[in-house]
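Reader: Please take one close look at a single part of this model. Then follow the connections outward from there, and keep it brisk.

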Amino acid sequence: AYSVDLAGKGHVTFLDTPGHAAFTSMRARGANVTDIVVLVVAADDGVMPQTIEAVDHAREAQVPIVVAVNKCDHPNANPQKVMVQLQKMGLVSEEWGGKTICCKVSAKTGEGIDQLLEMLLLEAEVLELKANPDRPAQGAVVESRLTKGSGPVATVIVQKGTLHVGDIVLAGPFYGRVRALKNDRGKSVREAGPALPVEVHGLSGVPEAGAMLVVLEDEKEARRISEERSFDIKTKQTKGVARHLTLESLHQRIQEGVFKELKLIIKADVQGSAEALTQSLEKLSTDKVRLHVIHGGIGGVNESDVMLAAASD
């Protein structure tokens, strides 16, 4: 996670998720950390299969999308072709009368980056993304690791409130007092407000990525909750893994009226088949159950499909 300051305007924190798998597994763990997804498409390559997967993941997580068309300085750059491809996916740029913000940028020359940042701040204003800094902090663990010098270290994006050095925190089954906070540039800071990423030192263990970090008033209370959660995890491990939706349990859940939407992932030999199947299946929706194809692709079932299926049940 990296934070960028715009003098007098505010700051934007970027959460870098290289590839779709990282995005899916984060959602699977319930860490809907992002407010806006920036979809980076290369102007010389255009829309790739992983771009389509990334769009499907963002839509499933119900996060608005802003497109950054990168490599616009490249001799073979063709931003118009990218716009056409995106339009076919339902992302119509504002230039063409749609609602999707598209910025032409170059990571190499820096062209258009300021405009992208300003557009993100504008989108945040339109979406009314606000947080109260004057309350106990709450955030999401983006990454965590065990270091030789500092012990367990968790990278956290603060979502509400302000996190201070000395606060008693709880993240998953681990608790502790914040010994030190470091910003994305490795400098020590005394506090971190909403939308700022910090490394938190002082936890009793390494929490899972996606765990919620909360500040508590009382250390005894933190220890009690920590012990309860550790016990629950051990109980679940002895009982076996959580049960996902199966074809056997589907009919029973529909009859009980609990089940409203059947999510499907379609893989086919060619794009035409996938499209035809998607359209035909979605027409089968009834009053009781809606059929919803969350992703369609070409080729065999791969790991990313399984992760998306697990994430969205």
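Author: Strand 14 (residues 212-216) has two unlike faces: Leu 213 and Val 215 make up the covered one, while Met 212, Val 214 and Leu 216 make up the uncovered one. Strands here are DSSP runs of E with at least two residues, helices are runs of H or I with at least four, and both are numbered from the N terminus. The model is predicted, so local features need pLDDT of at least 70 and side-chain atom pairs count only at pLDDT 80 or more, while totals for chains, interfaces and linings use all residues. Residues are numbered from 1 along each chain as its sequence is written, and side-chain values use heavy atoms, with hydrogens and water left out.

Which strands pair with strand 14? Strand 6 does, antiparallel, over 3 bridges. Strand 9 (residues 168-171) does too, also antiparallel, through 4 bridges. Two strands count as paired if DSSP finds at least two bridges between them. Both residues of the covered face appear in these pairings. Leu 213 stands opposite Gly 139. Val 215 is the bridge partner of Val 169. In general, strands of a sheet pair through backbone hydrogen bonds, either parallel or antiparallel.

Further along the chain comes a salt bridge. Glu 219 lies in helix 5 (residues 219-239) and Arg 177 in strand 10 (residues 174-182). The closest N and O atoms of this salt bridge are 3.4 Å apart. The pair therefore ties together parts that are 42 residues apart in sequence. A salt bridge means a side-chain nitrogen of Lys or Arg within 4 Å of a carboxyl oxygen of Asp or Glu. Arg 177 is partly exposed at 43% relative accessibility. Glu 219 is partly exposed as well, at 31%. The cut-offs are under 20% relative accessible area for buried and over 50% for exposed, with partly exposed in between (1.4 Å probe, protein chains only).

Arg 177 has another tie. It is among the residues that His 201 touches. The others include Ser 150, Pro 152, Val 153 and Lys 182, leaving aside residues up to four places away in sequence. Contact means heavy atoms within 4.5 Å. His 201 sits in strand 13 (residues 197-203). His 201 is buried, at 6% relative accessible area.

The count of salt bridges comes to 8. Glu 221, Arg 224 and Glu 228 are linked in a network of them. Strand 15 (residues 261-268) takes part through Glu 261, which meets Arg 290 of strand 16 (residues 290-298). That N to O distance is 2.5 Å. Arg 290 is partly exposed at 43%, and Glu 261 is partly exposed at 24%. Strand 15 also supplies Lys 267, whose partner Asp 305 lies in helix 8 (residues 303-312), so the pair ties together parts 38 residues apart in sequence. The N to O distance there is 2.6 Å. Lys 267 is partly exposed, at 22%. Asp 305 is buried, at 4%.

Now to a sheet earlier in the chain. It is open, has 3 strands in the order 3-4-5, and pairs in parallel. Strand 3 (37-42) and strand 5 (102-104) are the edges; each has a single partner strand, so one side of each lacks a neighbour in the sheet. From one strand to the next, the twist averages 25°. Strand 4 (residues 65-70) joins strand 5 through 3 bridges. Within that pairing, Val 67 stands opposite Cys 102. Helix 4 (residues 113-126) packs on the sheet and touches strand 3, strand 4 and strand 5. Its direction makes about 175° with that of strand 4. These angles run from 0 to 180 degrees between N-to-C directions; axes are lines fitted to C-alpha atoms, for helices over the stretch in contact.

Helix 3 meets these strands too. Its buried residues are Pro 79, Val 82, Met 83 and Leu 86. They fall within an arc of 100° seen down the helix axis, so they line one face. The arc is taken over the directions from the helix axis to the C-beta atoms. These buried residues pack against strand 3, strand 4 and strand 5.

Loops complete the tour. Lys 71 lies between strand 4 and helix 3 (79-88). Its phi is positive, about 60°, although it is not a glycine. Lys 71 is partly exposed, at 34%. Just after helix 3, Gly 90 has a positive phi of about 90°. Glu 128, in the loop between helix 4 and strand 6 (138-147), is not a glycine, yet has a positive phi of about 55°. Glu 128 is exposed, at 58%. That loop leads back to strand 6, which pairs with strand 14.
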